[in-house]
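Here is my note on the ligand site, set out as numbered points. Please read it beside the coordinates.

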Amino acid sequence: MKYIVEHMEEGFSEWVILEYSQIIRDVGKENLILTSLPSTTTEKDIPKRLLDMGLQWTTKECIDLEFDGKIINRDEIALLDPAATTDLIPEDKSKIEYFLLAGVLGEHPRKDRTGILREKYKFLGRRLGNLQMTTDSAVRTAQRIIDGTKFEDIKFLDYPEIKYNKYESTEMPFRYIVDDNNEPILPEGMLELIRKDADQSIDDLLIDE
Ligand SMILES: C[S@@+](CC[C@H](N)C(=O)[O-])C[C@H]1O[C@@H](n2cnc3c(N)ncnc32)[C@H](O)[C@@H]1O
């Protein structure tokens, strides 16, 4: 299965770099492409860490795109869409070659930014349950379903509390797949980033006072 992420954020935040890096580790660099980067984008605008991992990217849109030596056929693309009316099932494997995702950070409450792609392309839409996931979790979930596991047999944790020091924690407003220790699967480095961000906001508060 191949994954197309239409990059809709401005630039690349650390959060986005960690998510895209994890998707590359999970599905392989040959199975991910970032599309719709601004037309002026050159290699120096792409974070070196992603280039070093072999990230494929283009300023083209996801249609009329050559990916892995093949022109993408729009009938083989499904938009992973939290607002779709049909849930993804293992049997969909026979009709889907490419999943399209919006490369956006989740907001809480959810804003329908995937709707921009839904309206623009009118591809087949598939939902992964009724709660918002991060982009890398959505890829992980779709891959498990396409590999034959039903959505209801995947173990998730909703809105986990992430402890960032002995006394404080923050609630992540997303649904995550859990690992064998029942811990939410986050991209490598994300826990440290959350801790750093939390420390920084505490510092900001102290400075403002
Ligand atoms: C962090 S989510 C952003 C969702 C955005 N806030 C919105 O409401 O459209 C990034 C992408 O992951 C995929 N995704 C996340 N949760 C999903 C779900 N429950 N079902 C299908 N796709 C999902 C979608 O492709 C979505 O565009």
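1. A backbone N or O atom of Leu131 lies 2.8 Å from a nitrogen atom of the ligand. Bear in mind throughout that this is a predicted model.

2. Two further backbone contacts belong with that one. At Arg113, a backbone N or O atom is 3.1 Å from an oxygen atom of the ligand. At Asp81, the distance from a backbone N or O atom to a nitrogen atom of the ligand is 3.4 Å.

3. How much of the ligand does the protein bury? The ligand taken alone exposes 570 Å², and 99% of that is buried by the protein.

4. The shell around the ligand consists of 22 residues, with Leu80, Arg110, Lys111, Thr114 and Gln132 the closest. Sorted by class, this shell contains nine nonpolar, five polar and eight charged residues.

5. Where does the ligand sit with respect to empty space in the protein? The space that the ligand takes is the largest cavity. Strand 7 (98–103) and helix 4 (135–146) are the elements that give two or more residues to the shell around the ligand.

6. On cavities in general, a search of the whole structure turns up one of 30 Å³ or more. The volume of the largest cavity is about 340 Å³. Its lining comprises 24 residues, and those closest to the centre are Pro82, Thr114, Gln132, Met133 and Ala138.

7. Thr114 and Gln132 deserve a second look, since both names come up twice. They are among the closest residues to the ligand, and they are also among the lining residues closest to the centre of the largest cavity.

8. Which elements supply at least two residues each to the lining of the largest cavity? They include strand 7 and helix 4, the elements already named for the ligand shell. Helix 1 (14–27) also supplies at least two residues of the lining.

9. The class make-up of the cavity lining is twelve nonpolar, six polar and six charged residues. For the ligand shell, the corresponding counts are nine nonpolar, five polar and eight charged.

Conventions: Residues numbered from 1 in each chain as written. Predicted model: local features only at pLDDT ≥ 70, side-chain atom pairs only at ≥ 80, totals over all residues. Heavy atoms only, no water. Near = heavy atom within 4 Å. Polar contact = N/O pair within 3.5 Å; in protein donor to acceptor, adjacent residues only side chain to side chain. Areas by Shrake-Rupley, 256 points an atom, 1.4 Å probe, with all protein chains shown as cover. 1 Å grid on protein atoms, 1.4 Å probe; cavity = no way out; pocket = protein on both sides within 12 Å on 5 of 7 lines; lining within 4 Å. Sits in = over half its atoms within 2 Å of the grid points. Helix = DSSP H or I, 4+ residues; strand = E, 2+ residues; numbered from the N terminus. Nonpolar A, V, L, I, M, F, W, Y, C, P; charged D, E, K, R; others polar. Points joined across faces, edges and corners; volume = space filled by probe spheres on them.
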